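Have the coordinates open in your viewer while you read. We'll go from one spot to the next and see what sits where.

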Amino acid sequence: MKILVSSCLLGEDVRYDGKNSSIAMGSSFTFSAKEIFMDILCTNEVYSFCPEVSAGLGTPREAAEIVSIEKPFKVMTQNNEDVTIPFLVGAKQALDLCNEEEITVALLKSKSPSCSNKMIYDGTFSGNLIEAQGLTARLLSENGITVFNETQLSELKKFIKRA
């Protein structure tokens, strides 16, 4: 199966802080989670993608949060820079890649204003989470792509087996 995977989860230093969120090498993941992740990587065709970098945002870059989760979307940095357009462009580029390569499932970074499929920061830069999707996860979901995050590796593995 073809899977779109957030580049940061694969160990690429593309996060806003210039670091990564590597599952395989990260100390916050259990051995079991790492084993499931490596099994997924070894038995599927993986497409690494970072919507923010793809849209031209640098690494490192200022942290950004979605301040308006309904259309018209608004994504702002902590210093009040509007970065909505690059976030939307990156989401569209991710969807285009999925359509071109016939990718129907994605493993994306939780809590990200681009990639999260469940919870995002509330737009106040206070660390509070709300139930909502990042712009890329939302666009992919709206177009029939099933989105998981790194806390759902077991569910992803079951999904792949059923497909």
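Thr77 is buried, at a relative accessible area of 3%; "buried" here means under 20% relative accessible area, "exposed" over 50%, and "partly exposed" in between, with a 1.4 Å probe and protein chains only. Thr77 belongs to strand β4 (residues 74–77). Helices (H or I, at least four residues) and strands (E, at least two) are DSSP runs, numbered from the N terminus. Setting aside neighbours within four places in sequence, Thr77 is in contact with Glu62, Ala63, Ala64, Val83 and Phe125, where contact means heavy atoms within 4.5 Å.

Before going further, a word on ground rules: this is a predicted model, local features need pLDDT of at least 70, side-chain atom pairs count only at pLDDT 80 or more, and totals for chains, interfaces and linings use all residues. Residues are numbered from 1 along each chain as its sequence is written, and side-chain values use heavy atoms, with hydrogens and water left out.

One of those partners of Thr77, Phe125, has some backbone interest of its own. Phe125 is found in the loop between β6 and β7 (129–131), and its phi is positive, about 60 degrees, although it is not a glycine. Phe125 is partly exposed, with a relative accessible area of 24%. Lys111 also has a positive phi without being glycine, near 65 degrees. Lys111 lies in the loop between β5 and β6 (119–121) and counts as partly exposed at 38% relative accessibility. Most residues other than glycine have a negative phi, and most peptide bonds are trans.

On the peptide-bond side, there are two prolines to look at. The bond from Thr59 to Pro60 is cis, with omega near -5 degrees, and Pro60 is placed in the loop between α2 (51–54) and β3 (64–68). Lys71 and Pro72 are also joined by a cis peptide bond, with omega about -5 degrees; Pro72 lies in the loop between β3 and β4.

Now for some helix packing. Two packed helices are described by the angle between their axes and the distance between the axes. Helix α1 (residues 31–43) and helix α5 (residues 153–162) have axes that come within 9 Å and cross at roughly 35 degrees. Those axes are lines fitted to C-alpha atoms, for helices over the stretch in contact, and angles run from 0 to 180 degrees between N-to-C directions. On the α1 side, the contact is made by Ala33, Ile36, Phe37, Asp39 and Ile40, and on the α5 side by Leu153, Ser154, Leu156, Lys157 and Ile160. Sorted by type, the residues of this contact are seven nonpolar, one polar and two charged. For that sorting, Ala, Val, Leu, Ile, Met, Phe, Trp, Tyr, Cys and Pro count as nonpolar, Asp, Glu, Lys and Arg as charged, and the others, Gly among them, as polar.

Both helices also feed the largest nonpolar core, as each gives two or more residues to it, along with β1 (2–6) and β5 (105–108). A nonpolar core is a set of buried Ala, Val, Leu, Ile, Met, Phe, Trp, Tyr and Cys residues joined through side-chain atoms within 4.5 Å. This one has 18 residues, and those with the most contacts inside it are Ile3, Leu9, Ile23, Ile40, Leu107, Leu153 and Leu156. The biggest giver is α1, with four residues. Apart from this core lies another, of 15 residues, among them Ala94, Leu108, Cys115 and Val147.

Val147 is found in strand β8 (residues 146–149) and is buried, with a relative accessible area of 11%. Neighbours within four places in sequence aside, Val147 is in contact with Ala106, Leu108, Asn117, Ala137, Leu140, Ser141 and Gln152. Two of those, Ala137 and Leu140, are buried residues of helix α4 (residues 135–142), as are Leu135, Thr136 and Arg138. After α4 comes Gly144, with a positive phi near 85 degrees.

What about the cysteines? A disulfide is a pair of cysteine sulfur atoms within 2.5 Å, and by this rule the count comes to zero. Cys115 is buried at 5% relative accessible area; its sulfur is 6.5 Å from the closest cysteine sulfur, in Cys50, so that is too far for a bond. Cys98 is buried too, at 1%, and its sulfur is 11 Å from the closest cysteine sulfur, in Cys115, again too far for a bond.
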